[in-house]
Amino acid sequence: MGISTEILVIGGGATGLGVARDAALRGFKTLLVEKGDFAHGTSGRYHGLLHSGARYVVRDPRSARECYQENVILRRILPSAVEDTGGFFAALAEDPSEYVGPFVAGCREAGIPAEEISPSLALKEESLLNPKLARVFRVPDAACDSFDATHALAESIRAAGGEAWVRHKLVGLRLSSGRVTGAELENVLTGERLTVSADMVINCSGAWAGKVAALAGCEVLVTPGKGTMIAMNSRLVNTVVNRLKPPSDGDILVPVGTVAVMGTTEIVVQNPDQYTIEDDEIEVLLTEGEKLIPRFREFRVLRAWAGVRPLFKDKPSSRSTPSEASGLPLGEGDSTDSRLMSRSHSILDHATRDGVEGFISVVGGKFTTFRLMAEEALDMACRKLSTERKCRTAEIPIDLPGKKFYTPGKRLNEIESSGNAEVICECELVTRAQVEQALRRSGSLILNDLRRDLRLGMGPCQAGFCAYRAAGLLHTLFLTAESAEKGEISALSANSAAKNLDVRATNSALLDFLQERWKGLRPVMWGANLRQLELDLNIYRDLMGADRLPTLREPEEYPTEKTA
Ligand SMILES: Cc1cc2nc3c(=O)[nH]c(=O)nc-3n(C[C@H](O)[C@H](O)[C@H](O)COP(=O)(O)OP(=O)(O)OC[C@H]3O[C@@H](n4cnc5c(N)ncnc54)[C@H](O)[C@@H]3O)c2cc1C
């Protein structure tokens, strides 16, 4: 099967979705392909901070300026995903007082509002903070929900006439006379192969960008910088709290929805698909948390997870375009310490850099700067395709209709006033109607997709009670002969359902989902979490015999996941 497009975007994280949205809004025929689900990579595993830029003012002023510019724009165009929490940069007695001067000067130079407030006012607003605060500055940090943001972006691409496909992996690039002319894709659910011809292929595959570029014979050196975070069971703070010192491990606490996320660590890994969470990373996060919030350890840790930063360092000999070369003041590009590598981005024109036309890579950057990266990438694509089309992404809002920033109080109110109170996930207040709608809409047989769609299973019981209920709904909707006859099955699931009209598919979906949830509990298994896991195991293993259920896989294939 073969199709054609003008712009083909590889990767459905914030960067790829931002690029595809920009392309579609400029009127290009656009197709985005993602091998997993949207936000399945680093974008769904980040810290949740919409940076004001203040974190980077001393070391990386270009990143600082870019973050502030984009922070202002995203608050305006993406209000359903951004919560205006505000941010503190708080110095403790042990933090280096000589950092304050360059911090204040850096904020001034980057145009980032940073107002000093008294420690007593900060403590009045955030009563759990360490009372021994030395100095506090207020900055315009915010929290951004990655799932809401990426879903909104995908909708916006479709609304602009583009297409965005999940579970389609790029497996090859077609080259002719030194030009990328298209790609080979594989539907990872069905194994079906298809060919796409494209005028321009834009590689937005984050930490995997080197692997994708290699398919065209280009070398792109992306250093995967793993960062681990822990989610605390309650919000603890309503303001983003950063330590006022050079960036280091465990120095930011972000309130995201009902939880507070402490992070991060930073360790270079060899493979973005293979990494583990180490005990000493959790220990560092707890120790640093204790400094910001006394008795931090006594609060419940909900789960741990990690993501991989796509840190980019170009080859000294390569020819990046001038505006994209990092040009950083502190020699970060020479460093082997990933904390000292630039957080800024590069747009690589593989024609000037590697002699391969029709191919651009977008590497590095932050979640906060995805829109700017997209704008620069499409400006380059337009120049190369000899067409003038204006970027409109900073003006057009990206909201999901009817979707508002998530708070449990608001959700409970909506459920109670709708009269439809059949709740599937009590922790996150997800209703049966929402689950059925999301399943029908996506056609996905993967319960973890519901987590990204609705936050199902993300609360304190970590899917203890909602997983079997959601699996039941999945089975009734998609995996029975009756549902097939009723035509409930979407194109995506039709193939799987046709093959597996029995309970094995449902059992597999259930066990996959539970494994995914429990692997985040394992690194933080003490106290209330250990009791929770015991309860979950009692329900699934002892009552339901889940480890003996017939599945599509051999039993020894569970558990296999090494990553978290
Ligand atoms: C621990 C941590 C904390 C962070 N915190 C923050 C923060 O608070 N604020 C902030 O602004 N930034 C933060 N970042 C940085 C930010 O998360 C990343 O820069 C950003 O999410 C990268 O987005 P991306 O789209 O480039 O990559 P990704 O989100 O990883 O997307 C790339 C996608 O490409 C897909 N892909 C790969 N290969 C193929 C293929 N062959 N075919 C099809 N698809 C493919 C992958 O499945 C993936 O979904 C953090 C990063 C980490 C690691």
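In which loop is Arg295 found? In this predicted model, Arg295 belongs to the loop between helix 7, which covers 279–292, and strand 18, which covers 301–312. Although Arg295 is not a glycine, its phi is positive, at about 65 degrees. A second backbone feature can be found at the peptide bond from Gly263 to Thr264, which is cis and has an omega near -15 degrees. Thr264 itself lies in the loop between strand 16 (259–263) and strand 17 (267–268).

From these loops the reader can turn to the helices, beginning with helix 1. Helix 1, made of residues 14–25, and helix 9, made of residues 370–384, have axes that come within 8 Å and cross at roughly 50 degrees. An angle under 35 degrees would count as roughly parallel and one from 65 to 115 as roughly perpendicular, and helix 1 and helix 9 are therefore oblique to each other. The crossing in which helix 1 passes helix 9 is right-handed. On the side of helix 1, the contact is made by Ala14, Thr15, Gly18, Val19, Asp22 and Ala23, while helix 9 contributes Phe370, Met373, Ala374, Glu375, Ala377 and Leu378. Sorted by class, the residues in this contact of helix 1 with helix 9 are eight nonpolar, two polar and two charged.

Helix 1 also meets helix 5, which spans residues 146–159, and here the two axes come within 9 Å and cross at roughly 25 degrees. That angle makes helix 1 roughly parallel to helix 5, and helix 1 passes helix 5 in a left-handed crossing. The residues of helix 1 that make this contact are Ala14, Leu17, Gly18, Ala20, Arg21 and Ala24, and those of helix 5 are Thr150, Leu153, Ala154, Ser156 and Ile157. Seven nonpolar residues, three polar ones and one charged one make up the contact of helix 1 with helix 5.

Further along the chain, helix 16 (residues 503–521) and helix 17 (residues 527–543) pack at an angle of about 165 degrees, and their axes are 11 Å apart. Since angles over 145 degrees count as roughly antiparallel, helix 16 and helix 17 are therefore described as roughly antiparallel to each other. Helix 16 passes helix 17 in a left-handed crossing. In this pair, Leu510, Leu514, Trp518 and Leu521 of helix 16 meet Asn529, Leu533, Asp536, Leu537 and Tyr540 of helix 17. By class, the contact of helix 16 with helix 17 holds seven nonpolar residues, one polar and one charged.

The last stop is the ligand, which is surrounded by 37 residues, the closest being Thr15, Glu34, Ser43, Leu49 and Thr368. Thr15, one of these closest residues, is also among the residues of helix 1 in the contact with helix 9. Ser43 places a polar side-chain atom 2.6 Å from an oxygen atom of the ligand. In the case of Leu49, a polar backbone atom is 2.7 Å from a nitrogen atom of the ligand. Lys35 likewise takes part through its backbone, where an N or O atom lies 3.1 Å from a nitrogen atom of the ligand.

Methods: Residues are numbered from 1 along each chain as its sequence is written. This is a predicted model: local features need pLDDT of at least 70, side-chain atom pairs count only at pLDDT 80 or more; totals for chains, interfaces and linings use all residues. Side-chain values use heavy atoms; hydrogens and water are left out. Axes are lines fitted to C-alpha atoms, for helices over the stretch in contact, and angles run from 0 to 180 degrees between N-to-C directions. Helices (H or I, at least four residues) and strands (E, at least two) are DSSP runs, numbered from the N terminus. A crossing is left-handed if the near helix is turned anticlockwise from the far one by less than a right angle, and right-handed if clockwise. Contact means heavy atoms within 4.5 Å. Ala, Val, Leu, Ile, Met, Phe, Trp, Tyr, Cys and Pro count as nonpolar, Asp, Glu, Lys and Arg as charged, and the others, Gly among them, as polar. A residue is near a molecule or strand if one of its heavy atoms lies within 4 Å of it. A polar contact is a pair of N or O atoms within 3.5 Å; within protein, one must be able to donate a hydrogen and the other to accept it, and residues adjacent in sequence count only if both atoms are side-chain atoms.
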